[in-house]
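This report walks a new reader through one protein model, beginning with single residues and ending with the chain as a whole. Please keep the sequence and the 3D view at hand while reading.

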Amino acid sequence: MINEQIRDREVRVISESGEQLGIMSAREAMKLAQEAELDLVKIAPKAQPPVCKIIDYGKYKYELTRKEKEAKKKQKTVEIKEVRLSPNIDTNDLNTKVNNAKKFIGKGNKVKVTLRFRGREMAHVQQSKHILDDFAAMLEDVAAVEKPAKLEGRNMSMVLTVKR
């Protein structure tokens, strides 16, 4: 809220230099702001009484958007990378997939390991669960299991994250 939008009876006023001017009526605060050719901006509406500051509103708005952009830049988005396996995977192929997963986890991403069953492989689902367990065991020094192996339709999957 700025200027005439402030309807409170009493407000705590802070000058543009940051010093407290005390508690006064909103009209008096508006007069002070107009004399300084600045805006009266409510910065803490929940406080008792609300806190208002005499500042240039355009500049204040610009600073807020700049701070939000900086915070957004520093934010790291965690992606989920997927590694697909089949029940009859060979050890060397499995090692290659483990190395790929290590790279993904090293970059801070989560890894979804999916074991795909096709045709008659569905008859041997429980015997194939050990592949996912071995995969997790090979990565236990760098990754922790976030979601354990679970069968969903024709796929069995688990999620690994960076170990803390």
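Where is the place of V125? V125 has its place in helix 4, which covers residues 125-138; helices here are DSSP runs of H or I with at least four residues, strands are DSSP runs of E with at least two, and both are numbered from the N terminus. The model is a predicted one, in which local features need pLDDT of at least 70 and side-chain atom pairs count only at pLDDT 80 or more, while totals for chains, interfaces and linings use all residues. Residues are numbered from 1 along each chain as its sequence is written, and side-chain values use heavy atoms, with hydrogens and water left out.

**Helix 4 and strand 6**

V125 counts as buried because its relative accessibility is 8%, where buried means under 20% relative accessible area, exposed means over 50%, and partly exposed lies in between (1.4 Å probe, protein chains only). Leaving aside neighbours within four places in sequence, V125 is in contact with F117, L151 and M156, contact meaning heavy atoms within 4.5 Å. One of these partners, M156, is 31 residues from V125 along the chain, and the C-alpha atoms of the two are separated by 8.5 Å.

M156 also appears among the residues touched by T114, which are E82, V83, R84, L85, N155, M156 and S157 when residues up to four places away in sequence are not counted. T114 itself is found in strand 6, residues 110-116, and counts as buried at 4% relative accessibility. The side chain of T114 makes a polar contact of 2.7 Å with the side chain of E82; a polar contact is a pair of N or O atoms within 3.5 Å, of which, within protein, one must be able to donate a hydrogen and the other to accept it, and residues adjacent in sequence count only if both atoms are side-chain atoms.

In the loop between helix 3 (91-106) and strand 6 one finds N109, which is buried with a relative accessible area of 8%. A polar atom of the N109 side chain lies 3.4 Å from the backbone nitrogen of E79. E79 is also among the residues that N109 touches, together with K76, V78, K81, F104 and V162, again not counting residues up to four places away in sequence.

**Strand 4 and the loops before it**

C52 is found in strand 4, residues 51-55, and is buried, with a relative accessible area of 0%. Not counting residues up to four places away in sequence, C52 touches I6, V11, R12, V13, I14, L40, V41, K42 and I43. With K42, which is 10 residues away in sequence, the C-alpha to C-alpha distance of C52 is 4.2 Å.

The loop between strand 3 (39-44) and strand 4 holds P49, and the peptide bond from Q48 to P49 is cis, with omega near -15 degrees. In the loop between helix 1 (26-35) and strand 3 is E37, which has a positive phi of about 55 degrees although E37 is not a glycine.

**Exposed residues and the whole chain**

Two exposed residues are set side by side below.

| Residue | Place | Relative accessibility |
|---|---|---|
| E37 | loop between helix 1 (26-35) and strand 3 | 73%, exposed |
| K74 | helix 2 (residues 57-74) | 70%, exposed |

K74 and H124 are 50 residues apart along the chain, and their C-alpha atoms are separated by 47 Å.

The protein chain has four helices and eight strands, and read along the sequence these follow the pattern β-β-α-β-β-α-β-α-β-α-β-β. The chain is more spread out than a compact globule, because its radius of gyration is 30 Å, well over the 15 Å that the globule rule gives for 164 residues; the radius is taken over C-alpha atoms, and the rule is 2.2 Å times the number of residues to the power 0.38. Taken along the principal axes, the C-alpha atoms fill a box of roughly 80 × 25 × 25 Å.

Of the 164 residues, 30% count as buried. Among contacts between residues at least 6 apart in sequence, 55% join residues at least 24 apart.
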